[in-house]
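Here is a short report on one protein chain. Look at the sequence and the structure first, then read on.

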Amino acid sequence: IGKVPSRALATLASVLDARRRITSTLAAISFRAHEEFLFCAALNIDEEGIGLPGFIDQRTRPAFYVGYPSVSEMEGILKTHIPPASELWIRVFIERFKDIELPVRNAIQILGLAHKLYTNDSDRAKDKKEVGREETETTKLNVEIIKKYIERAYKLIVLCVNGKDINDNPEVDKNAIFKVFRNKEKSMHQN
């Protein structure tokens with residue numbers, strides 16, 4: 001809500017106070033809020049310095065601070081959001097980020113991308129064919145391999161979030177990224 005301009009929030013003020021009504025003079029319509037109407041909005045930590053306009057701030061009390069999830073909560077969230085990742089992937093991920101306050105959205109993106117990079121890695125597929133064995137769900141993964149893919153995904157996400165140009169970074173395997181997104185696009189068109 002901190003990114004919404006004050007002018008846009010002005011119409012919201014009347015529904016949040018005793019009037020409980022939104023009126024659009026431009027459209028000549030008025031709506032009354034349901035008696036059980038509740039309002040919930042998020043204000044990110046980095047937006048708190050800017051704050052909300054006073055007329056909205058007064059009407060949005062009480063305010064609750066929601067912090068980062070605990071390690072066990074994060075583990076549960078990852079298990080529900082990333083079903084193809086095995087317990088080992090999640091354990092390695094949790095061990096890597098246990099001391100970092102990582103937003104849930106970033107954790108899901110990083111682990112999801114790491115798993116996709118692993119499954120779409122053409123070098124890994126070549127090794128599998130040369131060995132002459134089929135990889136199954138029961139095949140034990142080396143923890144170091146999982147760490148490598150998690151680190152690659154972490155660097156990619158951090159670089160993208162921080163606005164860095166991935167084309168100028170030698171650590172980024174651009175072919176792997178594009179292959180993941182191409183495969184995702186293909187599967188979307190097939191469904």
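## The loop after the first helix

Asp 17 sits in the loop between H1 and E1. Helices here are DSSP runs of H or I with at least four residues, strands are runs of E with at least two, and both are numbered from the N terminus. Is Asp 17 buried or exposed? Asp 17 counts as buried because its relative accessible area is 18%. Buried means under 20% relative accessible area, exposed means over 50%, and partly exposed lies in between (1.4 Å probe, protein chains only). The side chain of Asp 17 joins that of Arg 19 in a polar contact of 2.7 Å. A polar contact is a pair of N or O atoms within 3.5 Å; within protein, one must be able to donate a hydrogen and the other to accept it, and residues adjacent in sequence count only if both atoms are side-chain atoms.

Arg 20 also lies in the loop between H1 and E1. Arg 20 is partly exposed, with a relative accessible area of 22%.

## How the model was read

This is a predicted model, in which local features need pLDDT of at least 70 and side-chain atom pairs count only at pLDDT 80 or more, while totals for chains, interfaces and linings use all residues. Residues are numbered from 1 along each chain as its sequence is written, and side-chain values use heavy atoms, with hydrogens and water left out.

pLDDT is the predictor's confidence in each residue, from 0 to 100. The protein chain averages 75, and 69% of the residues score at least 70. Among the elements, helix H4 (residues 87-97) has the highest mean pLDDT, 91, and helix H8 (residues 174-190) the lowest, 49. Over residues 129-139, pLDDT stays under 50. The model has six contacts beyond four places in sequence for that stretch. Contact means heavy atoms within 4.5 Å.

## The overall plan

The protein chain has eight helices and two strands. Along the sequence, their pattern is α-β-β-α-α-α-α-α-α-α. Of the 191 residues, 26% are buried.

## Helix H1 and the hairpin

Helix H1 spans residues 6-16. Its buried residues are Leu 9, Leu 12, Ala 13, Ser 14, Val 15 and Leu 16. They pack against strand E1 (21-24) and helix H2 (54-57).

E1 pairs with strand E2 (residues 29-32) in the antiparallel sense, over four bridges. Two strands pair if DSSP finds at least two bridges between them. One bridge links Ile 22 to Phe 31 in E2. The two strands form a hairpin with four residues between them.

Thr 23 belongs to strand E1. Its side chain makes a polar contact with the side chain of Ser 30 at 3.3 Å. Thr 23 and Thr 11 are 12 residues apart in sequence, and their C-alpha atoms are 7.3 Å apart in space.

Ala 28 lies in the loop between E1 and E2. Ala 28 counts as exposed because its relative accessibility is 70%.

## Unusual backbone angles

Most residues other than glycine have a negative phi, and most peptide bonds are trans. These places depart from that pattern.

| Place | Angle |
|---|---|
| Arg 20 | phi near 50° |
| Ala 28 | phi near 55° |
| Arg 61 to Pro 62 (cis) | omega about 5° |

Pro 62 is in the loop between H2 and H3. Thr 60 is in the loop between H2 and H3 too. The side chain of Thr 60 reaches two backbone oxygens: that of Ile 56 at 3.0 Å and that of Asp 57 at 3.3 Å. Leaving out residues up to four places away in sequence, Thr 60 touches Leu 16, Phe 39 and Leu 52.

## The cores

Which residues touch the most other members of the largest nonpolar core? They are Leu 78, Trp 89, Phe 93, Ile 110, Leu 111 and Ile 150, in a core of 23 residues. Helix H3 (71-81), H4, helix H5 (104-119) and helix H7 (143-161) each supply at least two residues of this core. H5 gives the largest share, seven residues. A second, separate core has seven residues, including Leu 9, Leu 12, Ala 13 and Val 15. A nonpolar core is a set of buried Ala, Val, Leu, Ile, Met, Phe, Trp, Tyr and Cys residues joined through side-chain atoms within 4.5 Å.
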